[in-house]
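Take the structure below one piece at a time. Keep the sequence open beside the 3D view.

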Amino acid sequence: MLRTTPALRLSRRDAEDLVLMYAERRDSEYEVVMVTARLLAELAAGEPEVLQRILPRVLPWTLYLPAQDFELMVSDFVNAAAAAADLGNVVPLAHRLVTWKHTAEVHADPDLYTAVTRS
């Protein structure tokens, strides 16, 4: 089965799902993710305006972030990508993206924004 499928997902009732794949494939995917994270971090460090210009096309939900939050999100993303590459762990970066996406969702919905920001 693994010869024709890149990975096999094992669904479990009482625990997290597991993914079964060849180690060589996992290592290759991991290396691509780490190099991509490092490239993004270096690109953003050298030319932050490029990332600010393309990020809304890659993550369209960023359009709902106010300008100040968008700039903060870009900086946070760059720092988290560099740290993820250095640690060899993209989970914190993924968590940051989810958190920023939720922030954009709040800004996109005026009723939700009012409910969240009400004192």
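Leu18 sits in strand 2, which runs over residues 18-20. This is a predicted model. Is Leu18 buried, partly exposed or exposed? Its relative accessible area is 39%. Buried would need under 20%, and exposed would need over 50%. Leu18 is therefore partly exposed.

Leu18 also belongs to a nonpolar patch on the surface. Its partners there are Leu10 and Leu20. Together the three residues have about 230 Å² of accessible area.

Use Leu10 as a reference point for the next step. The C-alpha atoms of Leu10 and Ser75 are separated by 37 Å. Along the chain, these two residues are 65 residues apart. Ser75 has its place in helix 3, residues 67-87. Its relative accessibility is 36%, so Ser75 counts as partly exposed.

Now turn to the charged side chains. Side chains of opposite charge can pair when their charged atoms come close. How many salt bridges does a search of the whole structure find? The search finds four. Three of them are followed here, beginning with Arg9 and Asp17. Their closest N and O atoms are 2.9 Å apart. The cut-off is 4 Å, so this pair qualifies. Arg9 has a relative accessible area of 59%, so Arg9 is exposed. Asp17 has 31%, so Asp17 is partly exposed.

Arg25 and Glu29 make another salt bridge, with the closest N and O atoms 2.9 Å apart. Both residues lie in helix 1. They are four residues apart, about one turn of the helix. Arg25 is partly exposed at 37% relative accessible area. Glu29 is partly exposed at 35%.

Arg26 and Asp27 also pair. Their side chains meet in a salt bridge at 3.7 Å, N to O. That distance is within the 4 Å limit, so the pair counts. Arg26 is partly exposed, at 42% relative accessibility. Asp27 is partly exposed as well, at 43% relative accessible area.

Next, check the geometry of helix 1. What span should its 24 residues have at 1.5 Å a residue? The expected span counts one less than the number of residues, so the 24 residues should span 34 Å. The end C-alpha atoms are 35 Å apart, which agrees.

Helix 1 has buried residues too: Met34, Ala37, Ala41 and Ala44 are buried. What covers the buried residues of helix 1? The cover includes helix 2 and helix 3.

That leads inward. In soluble globular proteins, nonpolar side chains tend to be buried together. Here, the largest nonpolar core has 20 residues. Those with the most contacts inside it are Leu51, Leu55, Trp61, Leu65, Met73, Val74 and Leu93. Which helices each supply at least two residues of this core? They are helix 1 (23-46), helix 2 (48-58), helix 3 and helix 4 (91-108). The largest share of the core comes from helix 3, with nine residues.

Finish with Leu93, one of the core residues with the most contacts. Leave out residues up to four places away in sequence. Leu93 then touches Phe77, Ala80, Ala81 and Ala84.

Terms used: Residues numbered from 1 in each chain as written. Predicted model: local features only at pLDDT ≥ 70, side-chain atom pairs only at ≥ 80, totals over all residues. Heavy atoms only, no water. Buried < 20%, exposed > 50% of the residue type's maximum accessible area, 1.4 Å probe, protein only. Patch = residues over 30% accessible without salt bridge, like charges linked within 9 Å, V, L, I, M, F, W, Y side chains within 5 Å. Areas by Shrake-Rupley, 256 points an atom, 1.4 Å probe, with all protein chains shown as cover. Core = buried A, V, L, I, M, F, W, Y, C linked by side-chain atoms within 4.5 Å. Contact = heavy atoms within 4.5 Å.
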